[in-house]
Amino acid sequence: MTRPMRTAALFAGVVARPREQHLALAAGDALGAAGYGLRHGGYNGLMEAAAQGAARHKVPVTAITLAGQDWGPFNSYVTDAVHAPTMGERLHAYLDDVDLVLVLGGGVGTLHEVTAALYYATTIRPVPVRLLGPAAIRLGTFLRAEQWLVEGPTRPLGFLADLPDVAALQKDLRTLTSESPR
């Protein structure tokens with residue numbers, strides 16, 4: 001009996017600063033090697049770098065975008081696309097059955113996706129959310145310090161972890177894979 005493939009949603013920007021570009025490529029490679037298909041916005045920058053890494057392992061790379069918007073062509077690693085009619089449906093396409101959310105640096109669109117994932121994980125289903133690298137970790141630190149993210153009896157934050165580098169991601173993926181019955 002074959003196991004269903006695990007899926008990771010990647011929230012990362014179209015701007016690729018050199019240090020983050022390498023991190024995104026290595027993160028996609030780690031996800032693909034661990035057997036995770038990749039969901040991302042489908043465009044360039046960090047999304048494309050992660051897609052390139054994942055594609056090396058022949059896993060599905062799905063672009064999830066908003067129908068009716070023309071943000072240019074998808075990157076060449078996309079194997080499937082979802083064109084959601086509304087922003088809410090787009091976020092649900094990312095989150096409803098995903099096994100992991102991975103966050104890197106990005107812009108305001110990435111920030112929107114990240115806050116949706118954090119809300120989803122605290123209120124709907126505790127999907128693991130991982131903040132990878134300095135930019136994402138700084139965002140998490142800010143959200144905790146300013147009490148936008150506060151742990152409480154009805155809002156545990158055990159789903160959230162900071163990962164400084166790809167080695168930490170690889171270790172985390174081994175743990176998640178061994179814990180998951182999928």
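**Exercise 1.** Is F74 buried, partly exposed or exposed, going by its relative accessibility?

*Solution.* The structure is a predicted model, and the first step is to recall that buried means under 20% relative accessible area and exposed over 50%. The second step is to place the value on that scale: F74 has 27% relative accessibility and therefore counts as partly exposed. Its ring partner Y43, with a relative accessible area of 10%, is buried.

**Exercise 2.** Work out which kind of ring pair F11 and Y94 form, and then do the same for Y43 and F74.

*Solution.* Begin with the total, which comes to three aromatic pairs. In the pair of F11 and Y94 the distance is 4.8 Å centre to centre and the angle between the planes is 75°, and this pair is edge-to-face. Since F11 belongs to strand β1 and Y94 to helix α3, the pair ties together parts that are 83 residues apart in sequence. Both F11 and Y94 are buried. For Y43 and F74, the ring centres are 5.3 Å apart and the planes stand at 45°, so this pair is tilted. Because Y43 lies in the loop between β2 and α2, and F74 in the loop between β3 and β4, the pair ties together parts that are 31 residues apart in sequence. As a last step, ring pairs link Y43 and F74 with W71 into a cluster.

**Exercise 3.** Describe how helices α1 and α2 pass each other, and which residues meet there.

*Solution.* Two packed helices are described by the angle between their axes and the distance between the axes. The axes of α1 (residues 18-33) and α2 (residues 46-55) come within 6 Å and cross at roughly 35°, and the crossing is right-handed. On the side of α1, the residues that take part include E20, A24, L25 and D29, while those of α2 include L46, A49, A50 and Q52. Sorted by class, this contact has six nonpolar, five polar and two charged residues.

**Exercise 4.** Find where the buried residues of helix α3 lie around its axis, and what they pack against.

*Solution.* The buried residues of α3 (residues 87-95) are R90, L91, Y94 and L95. They cover an arc of only 125° around the axis, which puts them on the same side of α3. The buried residues of α3 pack against β1, β2, β3, β4, β5 and α4.

**Exercise 5.** Decide whether T110 is buried or exposed, and name its contacts.

*Solution.* T110 is found in helix α4 (residues 108-123), and at 6% relative accessibility T110 counts as buried. Leaving aside its neighbours within four places in sequence, T110 is in contact with F11, A12, G13, L104 and G105.

Methods: Residues are numbered from 1 along each chain as its sequence is written. This is a predicted model: local features need pLDDT of at least 70, side-chain atom pairs count only at pLDDT 80 or more; totals for chains, interfaces and linings use all residues. Side-chain values use heavy atoms; hydrogens and water are left out. Helices (H or I, at least four residues) and strands (E, at least two) are DSSP runs, numbered from the N terminus. Buried means under 20% relative accessible area, exposed over 50%, partly exposed in between (1.4 Å probe, protein chains only). Contact means heavy atoms within 4.5 Å. Axes are lines fitted to C-alpha atoms, for helices over the stretch in contact, and angles run from 0 to 180 degrees between N-to-C directions. A crossing is left-handed if the near helix is turned anticlockwise from the far one by less than a right angle, and right-handed if clockwise. Ala, Val, Leu, Ile, Met, Phe, Trp, Tyr, Cys and Pro count as nonpolar, Asp, Glu, Lys and Arg as charged, and the others, Gly among them, as polar. The arc is that of the directions from the helix axis to the C-beta atoms. Rings of Phe, Tyr and Trp (its six-membered ring) pair if their centres lie within 6.5 Å; planes under 30 degrees apart count as stacked, over 60 as edge-to-face and the rest as tilted.
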